Amino acid sequence: MPWVVRDAVDEINRAVGRRWQGLDRLLPARAELPEGCAAPFVATGANGRPAGLASCRHEHVPAGTLDQTWGTVHRFTLTARLREADTSAALGDLLGQWRDHLAGLPAAGADDTAAKITWPARDVSGVNTLLRHGLQPITVIAVRPARPEPGVPAGPVASRDESLVIREAGPADLDAAAEFEMAVIRYDAQFGMAILRPATEALARAETRAALAARPARAWLAERDGEPIGLIHVQPPGQSGWIAGMTRAGVTAYLPTLFVRPGERGGGVGTALVRHLHAVLDARGVDTTLLHYEQLNPLSGPFWSRMGYRPLWTRWEARPAAALR
C-alpha cells in the first residue's frame, strides 16, 4: 500500500500530536513515526483509511556497553501512532501484526530478548489491550517542568538539618560515587529495570569517572560529618538528546541517579539533594527534567511525586519477546 506510506504517515503524525496535546501538554506536539525494519504496520479504520500506524525497530546491544545493563541484549521496539481517542481496536490490530512479525524472526525466540512499547501514561484507552497481548508495565518516564503545573506539588520546603552538607562531587570522590551508582543498579534489578552483567560494575565506574570530571558539575554528594551519605547525578541538556524528544520542545535534562544510604533514608537527605539539583537546573535555564523509575518500586512513585514529578510515559515489555501474544 504505497499510498499509505506516502500520504498517511505525515497526516497521522499531526493528528496524533494534536490528540496527545489534549491528553497531556508535556507530550511532544508532533508524533513522529520513525523508520522501522520494514514498511509500517497499518490498522484500517471503519472508513477504510488508516486508523493507526506502527513501525518495528530491531536492536542488538553489544557487550561492553553499559546500555546492556538497562535491558535485554536483543530488543524489538514497536512505535505506534493511533488517531482516535479510543485506541483499543486499532492498537490490538497493530499488536497482532507485530506478534506475527516477531514470530518469523529466529532471534526473537531467544531468552535475552524483549518486545517493548512506550505508551503515553495518560492514554489509558490502550492499557487493557496491552495487557491482553502479554505486555507488562516495567518503567515510568516521569517529568518535571521548571514551572509547576496546576495540582502538581512544587516540592517540599527546605531541610533544616544543619549537619547536612551538599557539595559538588569531583574526581576524588570516585569510590563513593561509584559505590552509590552500583547500589542503585542493584536495587533497580529487583524490579526488572536493570540486568546485572559481568561488565556492569566496571562500566558503571568508568561512566561515573567521566561524570565527575565534567564541569560545570553534573554530580553532588550529601555529607554528614564528612561522610558521604547520598548522591545525585544529572545528564545536562547536551547529553540528554537521546530522551529529550519524549517531551515538549525546550531545554531538557535527564536525572539518572539519586541514592541515599539506607540508614539515612526518611530524614530528608534525598529531598535536599533534589532541591539542590532543581535550583541548579533552574538557574541554568532548563525547562524540563525527565527521569525513569520502576513501575513496581513502592518508594519511587510517591517520592518523585512529592518532588514535583509525574508520569509522562510507561514502558511496557514482554520478556522474552516470544511471550508477546
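1. Where is P216 found? In this predicted model, P216 sits in the loop that lies between helix 5 (200-213) and strand 7 (219-224). The peptide bond leading into this proline, from R215 to P216, is cis, and its omega is near 0°.

2. A second cis peptide bond deserves a look alongside that one: the bond from R319 to P320 is cis, with omega near -10°. P320 belongs to the segment after strand 11 (310-318). For context, most peptide bonds are trans, and a reader checking the backbone may wish to view both sites.

3. The backbone at D225 is also worth recording, since phi of D225 is near 55°, a positive value in a residue other than glycine. Most residues other than glycine have a negative phi. D225 is placed in the loop between strand 7 and strand 8, and with a relative accessible area of 74% D225 is exposed, because the cut-off for that term is over 50%.

4. Is D24 buried or exposed? D24 is found in the loop between helix 1 (2-23) and strand 1 (41-44), and its relative accessibility is 2%, so D24 counts as buried, the limit being under 20%. A polar atom of the D24 side chain lies 2.9 Å from the backbone nitrogen of L26. When neighbours within four places in sequence are left aside, D24 is in contact with R122, R310, P311 and L312.

5. Turning to the strands, strand 9 (residues 252-260) is largely enclosed by the rest of the structure, because eight of its nine residues are buried. On one pairing, strand 9 runs antiparallel to strand 8 (residues 227-235), and five bridges join the two; within this pairing, I232 has L258 in strand 9 as its bridge partner.

6. Strand 9 also pairs with strand 10 (residues 288-294), here in the parallel sense and over three bridges. In that pairing the bridge partner of A253 is T289, in strand 10. Between these two strands the chain passes through helix 7 (residues 269-283), and the resulting β-α-β crossover from strand 9 to strand 10 is right-handed.

7. To draw the strand points together, strand 9 is antiparallel to strand 8 and parallel to strand 10, and eight of the nine residues of strand 9 are buried. As for the loops, D225 is exposed, whereas D24 counts as buried.

Definitions and conventions
Residues numbered from 1 in each chain as written. Predicted model: local features only at pLDDT ≥ 70, side-chain atom pairs only at ≥ 80, totals over all residues. Heavy atoms only, no water. Buried < 20%, exposed > 50% of the residue type's maximum accessible area, 1.4 Å probe, protein only. Helix = DSSP H or I, 4+ residues; strand = E, 2+ residues; numbered from the N terminus. Pairing = 2+ DSSP bridges. Right-handed = clockwise from strand over helix to strand, strands pointing away. Polar contact = N/O pair within 3.5 Å; in protein donor to acceptor, adjacent residues only side chain to side chain. Contact = heavy atoms within 4.5 Å.
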